[in-house]
Each structure stands twice: as C-alpha cells, then as structure tokens.
Amino acid sequence: MKIKDVLHTLECFAPLPLQESYDNAGLQIGLTEAEVSGVLLCLDITEACVEEAIGRHCNLIVSHHPLLFRPLKQITERDPIQRIVMKAIKNDVAVISMHTNLDNAIGGVNYKIAEKLGLQSVELLTEKCIPHISNNGETTGDTLVGGAGIIADLPQPMAARDFMQHLKTSLQVPVVQSNALLTRSIRRVAVCGGSGAFLLRDAVTAGADAFITGEMHYHDYFFHDQSIQICVIGHYESEQFTYEVFEEILRKHHPDIDCFIAHSQQNPILYL
C-alpha cells in the first residue's frame, strides 16, 4: 500500500474543495509513491509526535490541524515548525492533514461528537456544494457533499444542568463555559467542533436549544440568554476524537495497514 492510496482514501471521504478558503489541508510533506510502513494519527503535529512516528516505524502521520498553515520563508532550526519539517524529511516521514475539509465532511468531526452524545436524526446545519467533475474533466454541476456544523436531537429532552453534566461525561471534558442556564428543556442540539462562533446565528435560526463548540469570543455570549444554551467545551476537547474518524476510515479501506493513535499528543491548555 502506498502513501498516495491513503491520501486518495482520505480525500474521497473529505474532499479538499470542502476546506475553507484560509485553510491548507492535504499532503504537507513527503513522497506519495513510498510504501506505507505504518500510520500515526493525531490532532496536532509536534516534535514529540514525529519522534513517536519514527519510534513506531511509521512513515506517515495523519493530523487534523495542518502542520503547514502559513508559508515558510526558510527551513532552519529556529522554530518548532521548521524543525518538524526538517526532522520529517530527514526520516522520510510523510505528513497529511485533513482540517476544515474533515470538519465539513458528512461523517466527519461533528458527526463523531453527535455519536458520543447519542444524538439522533443528524442533519447538516449549513450546506456546502462543490463542482462535480466528470471523467473527461468537464464540470457537470454542483454536488452537495457536506457543510459546516450539524443539528440533531437528544433521545429525550433534558434539563439544562443535566445536559451540561451529559456533555462533561460523554465528551470527557472538565468544564463547560456557558451563558445563563435555560429554564426550558434542551432537545435540539447544534454542534460545530473547533472555533464555531460563526454558526451561532445559524443554530438559533434552525431552532436549536443548545449550541456546542470548541471556543468563542467573550462578546459572543451576550444577547442569547434563554434563546439558546451556549456550550463551549474547549478547542482540543471538541476535536479530540478526530483520530477516531481517521482510524475508522483507514481500517475500513486499508485493514492491513498498522494504525496507531499518538500517545504524545496532549492539550496545550491546562485547567488549574
């Protein structure tokens, strides 16, 4: 199995045209004709992560957050990103990142959160279409393949305080930042992993009782008391199950490949 085969599988699940305009998903480092010796799955790529890949004899790292997000003007030992690039190249470790294209993919990050919470009847909160290209290279119209955020239902309505505890238990989060607790029950829930404040208005319009995301700005909490329950669980916490999505994709399509979840990944934010 070659790296290009894994890349193709991941991009079929989360097509690159689904990524946001500011993003840089896809192949980051490496030669795609190389045979896959093993795959290390992670959220963020650190120097420790590359060391772990080398130690596990993995020549491919698949991450959620892109290693190369901004252009590099030089490759030296002056900062961690440059050192990671150098170490990966020296050790023939390829890097693939699936970021906002995985966020927006059907069955992606938000669907995994919904699964953890036991949500039902999952639908896209917003829709995103990409051009459909025929075999001869012609555009034959747009195809709906994903969108930002999802909205779904709890099996049974829950009181706001009980819902907060459900979040903490199901998603393994130590704390939830929220606005004033709703006095009505929560049934309809919108979800956007990562930085999802841009979807708050869409969640309200769609009739969601609660909106779960990873991070929001201070002023986003204002003016929504009793209209929607804002639940901010942390950026890392909202995307910590991304590697499970990767693992399920690869085990389904490439069962003979050795996949490892990185032990070296950790939340850079501590709650003291």
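Which residues line the largest cavity? Before the answer, one caveat: this is a predicted model, and everything below should be read in that light.

The lining is made up of Val109, Lys112, Ile113, Ser238, Glu239, Gln240, Phe241, Thr242 and Val245. The space they surround comes to about 30 Å³, and the search turns up one cavity of 30 Å³ or more. Three helices each put at least two residues into this lining: helix 5 (109-117), helix 8 and helix 9 (242-253). Helix 5 is the top contributor, with three residues. By class, the cavity lining splits into four nonpolar, three polar and two charged residues.

Since helix 5 does so much here, let's stay with it for a moment. Seven of the nine residues in helix 5 are buried, so it counts as mostly covered. The buried ones are Val109, Asn110, Tyr111, Lys112, Ile113, Ala114 and Leu117. Val109, Lys112 and Ile113 also belong to the cavity lining. That spacing is worth a look on the helix itself. An α-helix has 3.6 residues a turn, so residues three or four places apart point the same way. Just past the end of helix 5, Gly118 adopts a positive phi of about 75°.

Helix 8 is a good bridge to the next stop, the largest pocket. Helix 8 (235-239) gives two or more residues to the pocket lining, as do helix 4 (100-104) and strand 10 (186-195). The pocket holds about 610 Å³ of space. Its lining runs to 26 residues, and those nearest the centre are His65, Pro66, Phe69, His99 and His235. Which element supplies the largest share of that lining? It is strand 10, with four residues. Sorted by class, the pocket lining has eleven nonpolar, ten polar and five charged residues.

Now for two buried loop residues. Pro15 sits in the loop between helix 1 (3-13) and strand 1 (26-29). Its relative accessible area is 18%, and because the cut-off for buried is under 20%, Pro15 makes it into that class. Leaving aside residues up to four places away in sequence, Pro15 touches Asn101 and Ile130. You can also use Pro15 to get your bearings along the chain: Lys252 is 237 residues away in sequence, yet the C-alpha atoms of the two are separated by 18 Å.

The other buried loop residue is Asn59, found between helix 2 (47-55) and strand 3 (60-63). Is Asn59 buried or exposed? At 12% relative accessibility, Asn59 is under the 20% cut-off and therefore buried. Its contacts, again skipping residues up to four places away in sequence, are Ile3, Ala34, Glu35, Val36, Ser37, Gly38, Asp92, Val93 and Ala94. One of those neighbours, Ser37, has its backbone nitrogen 2.9 Å from a polar atom of the Asn59 side chain.

That loop has another residue to check out. His57 also has its place between helix 2 and strand 3, but with a relative accessible area of 61% His57 is exposed. The backbone is notable too: phi of His57 is near 60°, a positive value in a residue other than glycine. Gln172 shows a positive phi as well, about 55°, although it is not a glycine. You'll find Gln172 in the loop between helix 6 (160-170) and strand 9 (177-178). At 57% relative accessible area, Gln172 counts as exposed.

Last stop, the aromatics. How many aromatic pairs does a search of the whole structure find? It finds three. In one of them, the ring centres of Phe222 and Phe223 are 5.8 Å apart with their planes at 45°, so the pair is tilted. Tyr218 joins Phe222 and Phe223 to form one aromatic cluster. The two phenylalanines fall into separate accessibility classes: Phe222 is partly exposed at 36% relative accessibility, whereas Phe223, at 80%, is exposed.

Notes. Residues numbered from 1 in each chain as written. Predicted model: local features only at pLDDT ≥ 70, side-chain atom pairs only at ≥ 80, totals over all residues. Heavy atoms only, no water. Buried < 20%, exposed > 50% of the residue type's maximum accessible area, 1.4 Å probe, protein only. Polar contact = N/O pair within 3.5 Å; in protein donor to acceptor, adjacent residues only side chain to side chain. Contact = heavy atoms within 4.5 Å. Phe/Tyr/Trp six-rings, centres within 6.5 Å; stacked < 30°, edge-to-face > 60°. 1 Å grid on protein atoms, 1.4 Å probe; cavity = no way out; pocket = protein on both sides within 12 Å on 5 of 7 lines; lining within 4 Å. Points joined across faces, edges and corners; volume = space filled by probe spheres on them. Nonpolar A, V, L, I, M, F, W, Y, C, P; charged D, E, K, R; others polar.
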